[in-house]
Amino acid sequence: MDTLPRLSLRQAQLIQLAAQGLLTPPRRRARKADLLAAITRMRVLQIDTIQVVARSPYLVLYSRLGAYEPSWLDELLAEGGVFECWAHEACFAPIVDYALHAAHGRQDARGQHWAMRHAARVRRDQAAAVDALLAHVRAHGAVKSADFARPARGGGGWWGWKDEKRVLEALFATGELMVARRERFQRVYDLRERVLEQARARHVFDPRLPDATTLRREFTLGAVKALGITQARWINDYFRRGTRLRDDALADFVASGALLQIEVAGWEAPAYLHADHACLLAQARANRLRATHTSLLSPFDPLVWDRERAATVFGFDYRLECYTPAPRRRHGYFVLPLLRRGRLVGRLDAKAHRTAGVFEIKALYLEQGVTPDAALARDLARAIHDCARWHGTPRLRLGRCEPRAFGANLRAALQARTAQ
C-alpha cells in the first residue's frame with residue numbers, strides 16, 4: 001500500500017480556511033455576484049433570526065466578503081439565485097442545487113430531520129387545513145404568516161406558531177410551497193412551480209430529481225469540497241444527511257480518485273480531500289498557504305457549527321449559549337468566535353445598538369495560550385471597528401476583557417482605529 005500524503009495540523013487548518021473563503025481578506029469591494037459565489041462555495045448558508053449583532057446569514061457573508069449591501073441577499077432570493085430549504089438547518093442554497101435538496105426532502109421517509117417529522121404530523125392531523133391553505137395560495141397568490149390573524153388567546157404549539165404558520169412551514173418542508181421572497185425577513189410563501197418558473201427566467205438549473213445513488217455522491221463529495229478537509233464522521237452533518245459515515249463508506253470515492261485520502265498529524269482517523277482541491281493540498285504541503293484574514297464569525301458559521309470538528313481542527317471548544325439559561329452561561333448570550341490569521345483566538349460577547357449607533361463589546365475572551373500583545377490588539381481592533389461600521393454602529397463601547405491586562409491594549413487600538 002502506498003504511503004498516504006501527510007499534513008501537519010496547521011496545514012490542515014489552512015486548507016479548511018481556504019476552502020471556506022476565510023484564508024485571506026477580500027481583494028476588492030464586494031459585488032452582488034460575490035454573494036452568490038460565496039454561497040455556492042459553502043453550498044449552504046444557515047439562517048437564524050437572532051439579531052443581537054447581525055442575523056447570521058448576513059454575518060457569515062460579511063466574514064468572507066467584507067462590507068456589502070445586505071439587501072443583495074434578499075434580492076438573490078427574490079430573483080431565484082438562491083432558495084430556502086432544510087439542510088444543515090434552515091438554509092439558503094444556490095438554485096443550481098435545488099434538485100438535490102428537493103430529492104433529499106422527499107427521500108427522508110423516516111423523518112430524520114425534525115422539520116420533516118413536524119410536516120408529516122401536520123399533514124396527518126390537519127389534512128383539511130393543509131388542503132385549504134394550499135388552495136388559497138393557488139387561487140390568490142403568495143402569502144406570509146402575518147396575512148392571517150392570530151387568535152385572541154395566542155397560537156400555542158411549536159414556538160407559539162398559529163395554525164396557519166404551522167401549516168405554511170409544513171408545506172415548505174414538504175416542498176409544496178417555497179419561499180418566494182422575504183419582507184422584513186418574514187417568509188413569503190408561494191407554490192413551488194411558480195417560484196421555480198421565476199428562477200428559471202434568470203438562472204440555468206436542472207429541476208429533475210436525481211436518484212439515490214447520485215444524491216449520495218453529490219452530497220458526500222459536495223460536503224468534502226466545502227469543508228476542504230474532513231474526517232469521514234463529519235461529512236453527513238454538513239447537509240444533515242443522517243448517521244455518521246465510516247471510512248469504508250468512502251472507499252469507492254477514493255478508488256475512483258474523486259476523493260484523496262491523507263493523514264493529518266495527531267488524528268487517529270484518516271482525512272479526506274476533494275480531488276478539485278489537489279492544488280490546495282500541494283500548496284499546503286509546500287507551505288505556500290498563508291492566513292492573513294482577521295474577522296468576527298457568526299455562531300452559525302460552517303467553520304464552527306460542528307462542535308467536535310471545531311475542537312479537533314482548531315482546538316476551539318465552542319458552544320452557543322443563547323439556548324442555555326442565563327445563570328449557566330460561561331461567555332454570553334450570542335458570542336462570536338474571533339478568527340485571527342488562521343487561528344480561532346477568542347470569542348466576543350457583543351450587541352449592536354442600532355438606534356444609538358453603538359457597538360457594545362460586553363466582554364472579550366482570549367483562548368488559553370494566545371499571546372495578548374499589541375499586534376493581536378491591532379488586528380482585532382481593525383476587525384471589530386470595520387464590522388461595527390458595516391452595521392451602522394460606529395461608536396464602540398468596550399466592557400471587560402479576559403485576560404484583564406489585554407483590555408488596555410485593545411482599548412488603545414480601538415481608539416487609534418476610530419481616530420483614523
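Reading two open sheets

Reader: How many bridges join strand S7 to S8, and do they run parallel or antiparallel?

Author: In this predicted model, strand S7 (residues 259-264) and S8 are joined by 4 bridges and run antiparallel. One bridge pairs Leu260 with Leu273 in S8.

Reader: What is the strand order of the sheet that holds S7 and S8?

Author: The order is S1-S7-S8, an open sheet of 3 strands with mixed pairing. Strand S1 (6-7) and strand S8 (271-274) are at the edges; each has a single partner strand, so one side of each lacks a neighbour in the sheet.

Reader: Which helix lies across S7 and S8, and at what angle to S8?

Author: Helix H10 (residues 212-227) does, running at about 95 degrees to S8.

Reader: What is the order in the sheet of 5 strands?

Author: That open sheet reads S9-S10-S11-S12-S13, and its pairing is mixed. Its edges are strand S9 (294-296) and strand S13 (395-402), each with a single partner strand, so one side of each is left without a neighbour in the sheet. From one strand to the next, the twist averages 25 degrees.

Reader: In which sense do S12 and S13 pair, and over how many bridges?

Author: Strand S12 (residues 358-366) pairs with S13 in the parallel sense, over 7 bridges. Among the paired residues are Leu364 and its bridge partner in S13, Cys401.

Reader: Which helix lies across S12 and S13, and how does it run relative to S13?

Author: Helix H16 (residues 406-419) lies across both strands, at about 165 degrees to S13. The angle is taken between N-to-C directions on a scale from 0 to 180 degrees, so a value is read with chain direction included.

Notes
Residues are numbered from 1 along each chain as its sequence is written. This is a predicted model: local features need pLDDT of at least 70, side-chain atom pairs count only at pLDDT 80 or more; totals for chains, interfaces and linings use all residues. Side-chain values use heavy atoms; hydrogens and water are left out. Two strands pair if DSSP finds at least two bridges between them. Contact means heavy atoms within 4.5 Å.
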